[in-house]
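Reader: I am new to this structure and should be grateful for a guided reading. May I put my questions in turn?

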Amino acid sequence: MALVFIIALLLVPMTSIADEGVFANEISFQDLSGETVALESMLAEGPVILDFWATWCGPCKLAMPAWSRLTDEYAEHGVQLVPVSWDHERMYPRITSWFDKQGFDFSSLVDPGKTGGRALGVVSLPTTYLIAPDGKVVFSHVGYAQGDERLLESELRKVLDLGDE
């Protein structure tokens with residue numbers, strides 16, 4: 001019986017993350033004051049690194065500074081980092097506190113009800129997407145290990161038509 005279960009697990013995809021090529025431009029989130037923020041409005045400036053995270057997620061807290069450095073490096077091309085917390089509303093003060101401690105010059109959005117993340121297929125954190133200005137998901141990644149930023153940067157350079165470095 002255990003063997004049947006293991007074989008079944010191997011046949012089931014481990015993530016249901018959005019396929020690259022789907023469009024995410026109609027998704028919206030909220031800022032910490034409850035105002036709706038449409039992803040489409042951010043895409044007007046350039047590519048977006050959309051990062052689903054939470055204050056209780058260790059790998060998320062390691063990824064955020066890496067994504068921030070990458071965003072800073074390509075800011076002149078309109079690249080933006082858009083963190084989206086999956087924390088419960090009672091944890092929102094911790095979001096602000098952690099961002100202040102890190103010295104980030106951006107803030108996190110939130111996804112009440114997890115509707116935006118679920119539309120993209122987020123099932124675990126961190127989950128990161130690179131979204132082209134037309135709203136197309138061109139790269140997705142679940143988890144974080146040191147060096148993952150190189151994978152994202154390679155895809156970002158393609159979106160920006162900068163070639164390989």
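**Questions on the predicted model**

Author: Let us start with one residue of this predicted model. D161 is exposed, because its relative accessibility is 69%.

Reader: Where is D161 placed, and what is the value of its phi?

Author: D161 belongs to the segment after helix 6. Although D161 is not a glycine, its phi is positive, at about 60°.

Reader: How many helices and strands does the protein have, and in what pattern do they follow one another?

Author: The count is 6 helices and 7 strands. Read along the sequence, they give the pattern α-β-β-α-β-α-β-α-β-α-β-β-α.

Reader: What share of the residues in the protein is buried, and what share of the contacts with a separation of 6 or more joins residues 24 or more positions apart?

Author: The protein has 165 residues, of which 48% are buried. Among contacts with a separation of 6 or more, the share that joins residues 24 or more positions apart is 70%.

Reader: Are helix 3 and helix 6 roughly parallel or roughly antiparallel to each other?

Author: Helix 3 covers residues 58–73 and helix 6 covers residues 148–159; their axes are 10 Å apart and they pack at an angle of about 30°. Angles under 35 degrees count as roughly parallel. Helix 3 and helix 6 are therefore roughly parallel.

Reader: Which residues meet where helix 3 packs on helix 6, and how do they divide into nonpolar, polar and charged?

Author: From helix 3 come A66, W67, L70 and E73, and these meet D148, E149, L152, E153 and L156 of helix 6. The residues of this contact divide into 5 nonpolar, no polar and 4 charged.

Reader: Is the crossing of helix 3 and helix 6 left-handed or right-handed?

Author: The two helices pack at an angle of about 30°. The handedness of their crossing is right-handed.

Reader: How many salt bridges does the structure hold, and which side chains meet in a salt bridge?

Author: The structure holds 1 salt bridge. Its N to O distance is 3.2 Å, and a salt bridge requires such a pair to be within 4 Å. The side chains that meet are those of E155 and K158.

Reader: By about how many helical turns are E155 and K158 separated?

Author: Both residues are in helix 6, where they are 3 residues apart. K158 is exposed, because its relative accessibility is 51%. The separation of E155 and K158 along helix 6 is therefore about one helical turn.

Reader: Is I95 buried or exposed?

Author: I95 is found in helix 4, which spans residues 92–102. A residue counts as buried under 20% relative accessible area. The value for I95 is 0%, so I95 is buried.

Reader: Which residues is I95 in contact with, leaving aside its neighbours within four places in sequence?

Author: One of these partners is S108, 13 residues from I95 along the chain, with 7.4 Å between their C-alpha atoms. The full set is L32, W53, T55, S85, D87, S108 and V110.

Reader: Where is the place of T55, and which residues is T55 in contact with, leaving aside its neighbours within four places in sequence?

Author: T55 sits in the loop between strand 3 (48–53) and helix 3. T55 is buried, because its relative accessible area is 10%. Its contacts are with K61, D87, M91, R94 and I95.

Reader: Which residues does a cis peptide bond join?

Author: One partner, P126, is found in the loop between helix 5 (115–120) and strand 6 (127–131). With omega at about -10°, the cis bond joins L125 and P126.

Reader: What is the phi of K114?

Author: K114 lies in the loop between strand 5 (109–110) and helix 5. K114 is partly exposed, because its relative accessible area is 26%. K114 is not a glycine, yet its phi is positive, at about 60°.

Reader: How far apart in space are K136 and N25?

Author: K136 is placed in the loop between strand 6 and strand 7 (137–142). With a relative accessibility of 33%, K136 counts as partly exposed. In sequence K136 and N25 are 111 residues apart; in space, C-alpha to C-alpha, the distance is 7.4 Å.

Terms used:
Residues are numbered from 1 along each chain as its sequence is written. This is a predicted model: local features need pLDDT of at least 70, side-chain atom pairs count only at pLDDT 80 or more; totals for chains, interfaces and linings use all residues. Side-chain values use heavy atoms; hydrogens and water are left out. Axes are lines fitted to C-alpha atoms, for helices over the stretch in contact, and angles run from 0 to 180 degrees between N-to-C directions. Helices (H or I, at least four residues) and strands (E, at least two) are DSSP runs, numbered from the N terminus. Angles under 35 degrees count as roughly parallel, over 145 as roughly antiparallel, 65 to 115 as roughly perpendicular and the rest as oblique. A crossing is left-handed if the near helix is turned anticlockwise from the far one by less than a right angle, and right-handed if clockwise. Contact means heavy atoms within 4.5 Å. Ala, Val, Leu, Ile, Met, Phe, Trp, Tyr, Cys and Pro count as nonpolar, Asp, Glu, Lys and Arg as charged, and the others, Gly among them, as polar. Buried means under 20% relative accessible area, exposed over 50%, partly exposed in between (1.4 Å probe, protein chains only).
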